[in-house]
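Notebook open, model on screen. I want to go through this one piece by piece and write down what I find.

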Amino acid sequence: MGFMSICQRTKAVIMGKTTYNILAPDHLPLKDDGSLVVLTHDTSMKSPQANVLFTDKKPREILSLLKARGHTEAVIIGGTATVDAFMKAGLVDELILVVEPVLFGKGLPLLNQDLDRRLVLLDVKKVNQNTVQLQYSCSSS
Ligand SMILES: NC(=O)c1ccc[n+]([C@@H]2O[C@H](COP(=O)([O-])OP(=O)(O)OC[C@H]3O[C@@H](n4cnc5c(N)ncnc54)[C@H](OP(=O)(O)O)[C@@H]3O)[C@@H](O)[C@H]2O)c1
């Protein structure tokens, strides 16, 4: 719920090809509204959804492209490789973590890089009975 409403607010969503393949075709955000950018080296890919752009451009070029389309903010929804690329480029202002009440012993990291960054808590929302959403400022200063 929280994730889809953030996508609806920004109208610009960035994801990696692995995440796209998990969500497509039925669970993609922004049904033909706004811009959905998918990072991949295979730019010949086609999507049933007309607003999907497959690109191998660098993070900064992707932001310029979205700006040229009139977007003032975008959400990066994952996965690790994609979040990593934008974090490394210093282009992430905020981090939103949704804490789900599930314990498991294995999983994927949020980032794949050596990082030690202090965050500033901006907001806490209770999404439902057991789930909270934490919003942090992520600027490096
Ligand atoms: N918990 C969550 O909220 C959440 C959210 C999203 C995803 N996930 C999970 O994260 C996992 C996927 O993460 P992931 O790191 O493996 O994959 P990913 O970031 O979704 O996609 C990786 C693919 O994106 C392309 N890519 C990434 N960076 C690129 C760059 N700089 N230039 C060009 N292409 C680039 C490459 O595709 P090519 O090989 O085609 O070049 C790469 O193989 C899944 O298990 C998914 O369920 C979890």
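Before I start on loops, a note to self: helices (H or I, at least four residues) and strands (E, at least two) are DSSP runs, numbered from the N terminus. I also keep in mind that this is a predicted model.

**Entry 1: a loop residue.** I began with Gln129, which sits in the loop between strand E6 (120-126) and strand E7 (132-137). Is Gln129 buried or exposed? I counted 6 C-beta neighbours inside 10 Å, so Gln129 goes down as exposed; the cut-off for exposed is 12 or fewer. I then checked its separation from Leu36: the two are 93 residues apart along the chain, and their C-alpha atoms are separated by 31 Å.

**Entry 2: the strands on either side of Gln129.** E6 and E7 make a hairpin, with five residues between them. I looked up the pairing and got six bridges, with E6 and E7 running antiparallel. Val124 has Leu134 of E7 opposite it. How many of the seven residues of E6 are buried? The count is zero, so I noted E6 as hardly covered.

**Entry 3: the open sheet.** Next I traced the four-stranded open sheet, which has the order E3-E2-E1-E4 and parallel pairing. Strand E3 (52-55) and strand E4 (75-76) are at the edges with a single partner strand each, so one side of each has no neighbour in the sheet. E1 and E2 are parallel and joined by five bridges. On that seam I found Gly16 opposite Leu39 in E2. E2 also pairs with E3, again in the parallel sense, over four bridges. There, Leu36 has Val52 in E3 as its bridge partner. I followed the chain through E1, H2 and E2 as well, and they make a right-handed β-α-β unit.

**Entry 4: how covered is E2?** I went through E2 residue by residue, and five of its five residues are buried. Which residues lie on which face? Ser35, Val37 and Leu39 are on one side, Leu36 and Val38 are on the other, and all are buried, leaving both faces of E2 covered.

**Entry 5: the core.** The largest nonpolar core comes to 20 residues. Val13, Ile14, Met15, Leu36, Val38 and Ala74 have the most contacts inside it. Which elements supply at least two residues each? I listed strand E1 (12-16), strand E2 (35-39), helix H3 (59-68) and helix H4 (80-88). I picked Met15 for a closer look: apart from its neighbours within four places in sequence, Met15 contacts Tyr20, Val38, Ile77, Gly78 and Thr82.

**Entry 6: around the ligand.** I found 19 residues around the ligand, with Gly16, Thr19, His41, Gly78 and Gly79 coming nearest. By type, the shell divides into seven nonpolar, nine polar and three charged residues. E1, helix H2 (17-23) and H4 each give at least two residues to this shell. Gly16 had already turned up opposite Leu39, and Gly78 as a contact of Met15.

**Entry 7: backbone oddities.** Why bother with this list? Most residues other than glycine have a negative phi, and most peptide bonds are trans. I looked for exceptions and wrote down these.

- Gly78 and Gly79 are joined by a cis peptide bond, with omega about 0°. Gly79 is in the loop between E4 and H4, and both glycines are among the residues that come nearest to the ligand.
- Ala24 and Pro25 are also joined by a cis peptide bond, with omega about 0°. Pro25 belongs to the loop between H2 and E2.
- Leu30 is in the loop between H2 and E2 too. Its phi is near 60°, a positive value in a residue other than glycine. Leu30 has 18 other C-beta atoms within 10 Å, so I put it down as partly exposed.
- Lys11 has a positive phi of about 60° and is not a glycine. I placed Lys11 in the loop between helix H1 (2-10) and E1. Buried or exposed, then, for Lys11? With 21 C-beta neighbours inside 10 Å, Lys11 counts as buried, because the cut-off for buried is 20 or more.

Note on methods: Residues numbered from 1 in each chain as written. Predicted model: local features only at pLDDT ≥ 70, side-chain atom pairs only at ≥ 80, totals over all residues. Core = buried A, V, L, I, M, F, W, Y, C linked by C-beta atoms within 7 Å. Contact = placed C-beta atoms within 7 Å. Near = placed C-beta within 6 Å. Nonpolar A, V, L, I, M, F, W, Y, C, P; charged D, E, K, R; others polar. Pairing = 2+ DSSP bridges. Right-handed = clockwise from strand over helix to strand, strands pointing away.
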